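User: I would like to go through this structure term by term, with each label set against the rule behind it. Please give the cut-offs as they come up.

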Amino acid sequence: MLSTHFSVSIQAINLTVTVYAICQAISPAFFASLADAFGRRPVLLGLISLYATASLGLILSQYSYATLMVLRALQSIGGSATPSVAYGIVADVAVISERGKMLGPMLSTCNAISALGPVIAGAIALRTSGYIWVFLALLIIAVISLLLVGFTLPETARNVVGNGMKPIRGVWRTWLSYFPGRKQPHRSESRADDADADASEPRLQEHGKPVWRPLSAFVSFRLVLYPDAAAVLCMIASSYSVYYTFQVAIPTIFDEIYGFNAFEVGLVFLPGLAGMTIGGIIAGKLVDRNYAKTARECNVNVDRRKGEDLRDFPIEKARYQNCLPFLSLEVALVLGYGWVVHSHVHCLVPLVMQFFICAVSTLLSHTASALLVDIFPDTTSSAYASGQIVRCALSAASAAILQPLVDAIGRGWYFSIFAFLTGISGLGPVAASRSKGMRWRQKR
């Protein structure tokens with residue numbers, strides 16, 4: 001549709017997708033560091049405004065391919081960095097022992113929207129016979145999000161609000177607080193450790209002003225140099241690449257093997273969507289339950305208001321307590337899926353397997369992401385952005401070699417090799433984190 005409208009080749013349109021993916025991988029690092037330094041609210045408002053502006057530009061500029069590429073890049077910048085900022089907000093307001101019940105639904109919603117979005121966009125494009133309505137829908141969603149954030153989302157970053165007693169002004173105040181009769185709250189809803197927050201302020205601020213330097217944008221890239229972070233990042237990338245690879249493989253499988261049309265191919269993503277949502281929610285519950293169990297074993301009293309000092313607490317063992325059974329299940333499902341589609345088994349079987357594969361991979365990815373933020377409590381947005389960068393890089397590589405390998409050795413053997421690599425790249429990092437993670441973290 002886009003290639004016909006702009007009178008360019010399909011390859012040229014695919015180039016816009018590549019540009020989008022590049023911006024998607026790079027932008028979180030820059031904006032996450034800004035959010036850690038200046039606060040979540042101004043960065044989030046700026047990102048949503050940028051996304052809305054780019055969507056409006058795509059509606060108005062209908063005939064320039066160069067404009068299409070630039071505006072799609074701006075859309076990617078505005079949209080891709082928001083999950084890392086949102087992760088930082090959760091880390092600000094939830095103590096470690098209760099973080100899972102917020103992270104699970106939040107990340108599941110992000111994944112669900114990304115999976116459901118193409119299906120809705122395709123339906124809109126088919127019903128309207130034009131792509132403009134797709135960008136109009138994105139603009140409407142962006143404006144609604146901007147209003148919700150502007151009016152209701154308070155600032156949560158500790159270097160801005162401290163323990164909730166610091167007065168805030170300007171862009172850090174909600175728009176609702178400016179209305180007559182509305183009093184600015186004297187205390188933030190954040191419940192993280194007050195003492196830790198106050199102690200971290202001198203490092204993040206100089207003379208009361210937030211500190212951000214250009215090199216701060218590279219914090220997310222530098223995290224991979226720490227052995228404890230590298231092990232967790234490897235687990236994040238490995239588990240996420242399973243989900244991403246299946247998203248790439250599914251359309252071709254159900255088109256070539258089962259003869260589904262375009263609409264039916266869109267529907268086959270729904271089991272995976274359901275699996276991601278449920279897997280994320282289960283991950284959140286397990287993260288909190290495992291933390292409480294480990295705390296009891298270590299005779300640590302869980303403080304649901306201030307949180308705990310993790311320096312001498314085996315948070316790696318707590319987070320990864322149930323990972324090995326789920327990792328084994330993931331490997332078995334990926335291995336079986338390849339031979340199921342190779343043997344042309346009834347389509348219901350791979351659909352059911354897609355549900356469980358996406359559920360397990362999401363559970364593992366969310367668990368590792370929670371651990372990554374736990375071990376970098378002062379730069380939570382940058383830590384999550386680091387995970388985004390690594391997982392996007394590995395997923396892109398996996399997607400690039402998918403079809404050539406399938407053509408060379410067939411789907412059965414391809415998924416067998418993929419399952420083996422998934423197991424190795426998951427088992428090794430989990431074992432390293434559980435056995436050496438705390439020691440590496442204490443030396444850092």
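User: Which helix has the lowest mean pLDDT among the elements of the protein, and which has the highest?

Analyst: Helix H9 (residues 194-204) has the lowest mean pLDDT, 39, and helix H15 (residues 323-342) has the highest, 96. Here pLDDT is the predictor's confidence in each residue, from 0 to 100, and the helices are DSSP runs (H or I, at least four residues; strands are E, at least two), numbered from the N terminus. This is a predicted model, in which local features need pLDDT of at least 70 and side-chain atom pairs count only at pLDDT 80 or more, while totals for chains, interfaces and linings use all residues. Residues are numbered from 1 along each chain as its sequence is written, and side-chain values use heavy atoms, with hydrogens and water left out. The mean pLDDT of the protein is 84, with 88% of its residues at 70 or more. Over residues 186-208 pLDDT stays under 50, and for this stretch the model has 52 contacts (heavy atoms within 4.5 Å) beyond four places in sequence.

User: Why is serine 386 called buried?

Analyst: Buried means under 20% relative accessible area, exposed means over 50%, and partly exposed is in between (1.4 Å probe, protein chains only). Serine 386 has a relative accessible area of 1%, and therefore counts as buried. Serine 386 is placed in helix H17 and touches Ser220, Leu223 and Leu233, leaving aside residues up to four places away in sequence.

User: Why is serine 114 called partly exposed?

Analyst: Its relative accessible area is 42%, which lies between the two cut-offs, so serine 114 is partly exposed. Serine 114 is in helix H6 (residues 100-128), and its C-alpha is 9.1 Å from that of leucine 273, although the two are 159 residues apart in sequence.

User: What makes the pair of aspartate 374 and arginine 99 a salt bridge?

Analyst: A salt bridge is a side-chain nitrogen of Lys or Arg within 4 Å of a carboxyl oxygen of Asp or Glu; the side chains of aspartate 374 and arginine 99 meet at 2.9 Å, N to O, and therefore satisfy that rule. Aspartate 374 lies in helix H16 and arginine 99 in the loop between helix H5 (82-93) and H6, so the pair ties together parts that are 275 residues apart in sequence. Aspartate 374, at 3%, is buried, and arginine 99, at 7%, is buried as well.

User: How many salt bridges are there by this rule, and which residues are linked in a network?

Analyst: The count comes to six, and Asp36, Arg40 and Asp92 are linked in a network. Within it, aspartate 36 and arginine 40 meet at 2.7 Å, N to O.

User: How do you know that glutamate 256 is exposed?

Analyst: The relative accessible area of glutamate 256 is 54%, which is over 50%, so this residue is exposed. Its side chain meets that of arginine 411 in a salt bridge of 3.1 Å, N to O, and arginine 411, at 14%, counts as buried.

User: What makes a set of residues a nonpolar core, and how many residues has the largest one?

Analyst: A nonpolar core is a set of buried Ala, Val, Leu, Ile, Met, Phe, Trp, Tyr and Cys residues joined through side-chain atoms within 4.5 Å. The largest has 56 residues, and Phe415 is among those with the most contacts inside it. Helix H11 gives the most to this core, with 11 residues.
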